[in-house]
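Hi,

Here is the structure I promised to pass on. Have a look at it first, then read my notes underneath.

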Amino acid sequence: MSYNKAIGYLYGLQKHGIKLGLANISTVAEVLGQPQQAFYSVHVAGTNGKGSTSAMIAAILGAEGFKTGLFTSPHLVRFTERIRVDGVEISEAEVVSLTQEIREALSEHHQIRITFFEFVTAMAFVYFKRQGVRWVVFETGMGGRYDATNIITPQLTVITSISEDHKEFLGNSIAEIAAEKAGIIKPGVNVITTCRDEVALGVITAVAQNHSSTLDVYGRDFDVSDVRVGVDGTTLDYHGHGTCRGVEVPLVGAHQAENAACAIRAWEVLSRKGHLVGDGGTLRRALNGVVWPGRCEMTSFAGVPVLLDGAHNPDAMRHLAATLKDVFLTPQGKAPFLRIILIIGTMADKDKDNIIAPILPVAHTVIFTSANYPRAERAGHLLAIAQAMLPQMKGAFHTTDSLQDALALARTLHQAGDLVVVTGSFYTVGDAREVIGGEVVSLKSLTESTGKQM
């Protein structure tokens, strides 16, 4: 089997859709010898911030000297991004081998109609076991209670911010969505949350109490102060069991201070439980070296500065809009950029109106486009929504059929002082990354390479 055939088989499993329940993955794990029991783990759920938080916690565990796995979704460009050990993606050869092995192991279990995510989760379990990892950070795919990752028994549970998303699967209210996320809480396992919504936090608190699980809440048990956000990262002072001043994280946005605080609290909890040494210098080095693509990621296309951010729900888009205004478009001549050329493409099943509403007023020019993905919304439909919402901006709106065309148009429209921002979905950002084909760069290096003010 070739890599392309293996990936084709895996994507073909999407015909089975999304199944709520743990029966399938539990049976698969039993057939495979319960590989998820071979390592310690941290389980992370939430609506926004779970990917960045997972990456930070994995970086801390790795810096402590442990061989560390990281399981995340979705991927931006390559399937192999989903499964990593010490920051290195699973090889294509391993994907092929494990796909064949798991298919053969399940061949006699005809009652199992395994989904894409269940298969990939099982693949991760087996891979991490064979790699001999000591710790794995698992990010849930969606929800929590019925997520395929939820058959693990972690040493720590993390729930990041909660807002409305995936309502067709998780519920139509914040309380219902929070209950699904809180479904990863296990009896006696410590819980950390950065959730601020009072209703959602009430649900999490009740579930934690029912499971006799200690709950640490951001803003009550740990917090940050003196948050400084620049184009190359975020600096903060942390206050918890101890105080860590001047912690630097190379991820942009005030919300990243909360994610960093969550990761530091995880470090404190695991240190107090005897899992980690708890060295402050190691913590700082780990957070200062975190790389997490697709979240306010600065890159360039043919010399044009491009910011990639996978904001895919209203809450995430509000964070991005605030970051653009407060950091990249700061008034009084301090801004590195003067105007925003926005490239946006969302999924058709998302809350499109409330996703694009916060970001449109920040932009000077908007290019609506469609990612190369079946669920992608048509650019013309997004244009119609925007025209009804802000008719005065009608002359600033454009449409293209692909990210390649959108970036080419943005390059044509670009003037000195413009920043191109690609957002609306991780699939949109993934397409853009594939077109650009470059690596993350700092604003300083981008300015030096072009030899001009951005």
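**What I found**

V42 touches I57, W135, V136, V137, F138, P154, L156, V158 and L270, leaving out residues up to four places away in sequence. Contact here means heavy atoms within 4.5 Å.

Before going on, some ground rules. This is a predicted model, where local features need pLDDT of at least 70 and side-chain atom pairs count only at pLDDT 80 or more, while totals for chains, interfaces and linings use all residues. Residues are numbered from 1 along each chain as its sequence is written, and side-chain values use heavy atoms, with hydrogens and water left out.

**The cores**

Back to V42: together with L287, V42 touches the most other members of the largest nonpolar core, which has 40 residues. A nonpolar core is a set of buried Ala, Val, Leu, Ile, Met, Phe, Trp, Tyr and Cys residues joined through side-chain atoms within 4.5 Å. Buried means under 20% relative accessible area, exposed means over 50%, and partly exposed is in between (1.4 Å probe, protein chains only). Several elements supply at least two residues each to this core, among them β1 (40-45), α3 (50-63), β5 (135-139) and α9 (254-272). Which element gives the largest share? That's α9, with 10 residues. Those element names come from DSSP runs, numbered from the N terminus: helices are H or I with at least four residues, and strands are E with at least two. There is also a second, separate core of 39 residues, which includes I7, V95, A122 and F138.

**The sheet**

Now find the open sheet: 8 strands in the order β4-β3-β2-β5-β1-β6-β7-β8, with mixed pairing. Two strands pair if DSSP finds at least two bridges between them. Why is one side of β4 (88-89) and of β8 (215-217) left without a neighbour in the sheet? Both stand at the edges with a single partner strand each, so there is nothing in the sheet on the other side.

Further in, β2 (residues 68-71) and β5 pair in the parallel sense over 4 bridges. One pair to look for is T68 with its bridge partner W135 in β5. Helix α3 packs on the sheet and touches β1, β2, β5 and β6, with its direction at about 175° to that of β5. Helix α5 (residues 116-131) packs on the sheet too, touching β2, β3 (83-85) and β5, and its direction makes about 15° with that of β3. For these angles, axes are lines fitted to C-alpha atoms (for helices over the stretch in contact), and the angles run from 0 to 180 degrees between N-to-C directions.

**A pair of helices**

Next, look at α7 (residues 174-181) and α8 (residues 198-210), which pack at an angle of about 35° with their axes 8 Å apart. I174, A175, A178 and A179 of α7 meet V199, A200 and V203 of α8. The residues of this contact divide into 7 nonpolar, no polar and no charged. In this count Ala, Val, Leu, Ile, Met, Phe, Trp, Tyr, Cys and Pro are nonpolar, Asp, Glu, Lys and Arg are charged, and the others, Gly among them, are polar.

**A few residues to click on**

- M123 sits in helix α5 and counts as buried at 0% relative accessibility. Leaving out residues up to four places away in sequence, M123 touches L10, F79, I83, V95, L98, T99 and I102. The C-alpha atoms of M123 and I83 are 8.8 Å apart, with the two positions 40 residues apart along the chain.
- L106 belongs to helix α4 (residues 92-106) and is buried, with a relative accessible area of 11%.
- G46 lies in the loop between β1 and α3 and is buried at 1%. C-alpha to C-alpha, G46 and T194 are 9.2 Å apart in space, though 148 residues apart in sequence.

**One last hairpin**

Is strand β12 (residues 297-301) largely enclosed or left open? 4 of its 5 residues are buried, so β12 is largely enclosed by the rest of the structure. β12 pairs with β13 (residues 304-308) in the antiparallel sense over 5 bridges, and T299 stands opposite V306 in β13. The hairpin has 2 residues between the strands, and A302 takes a positive phi near 55° there.

Cheers
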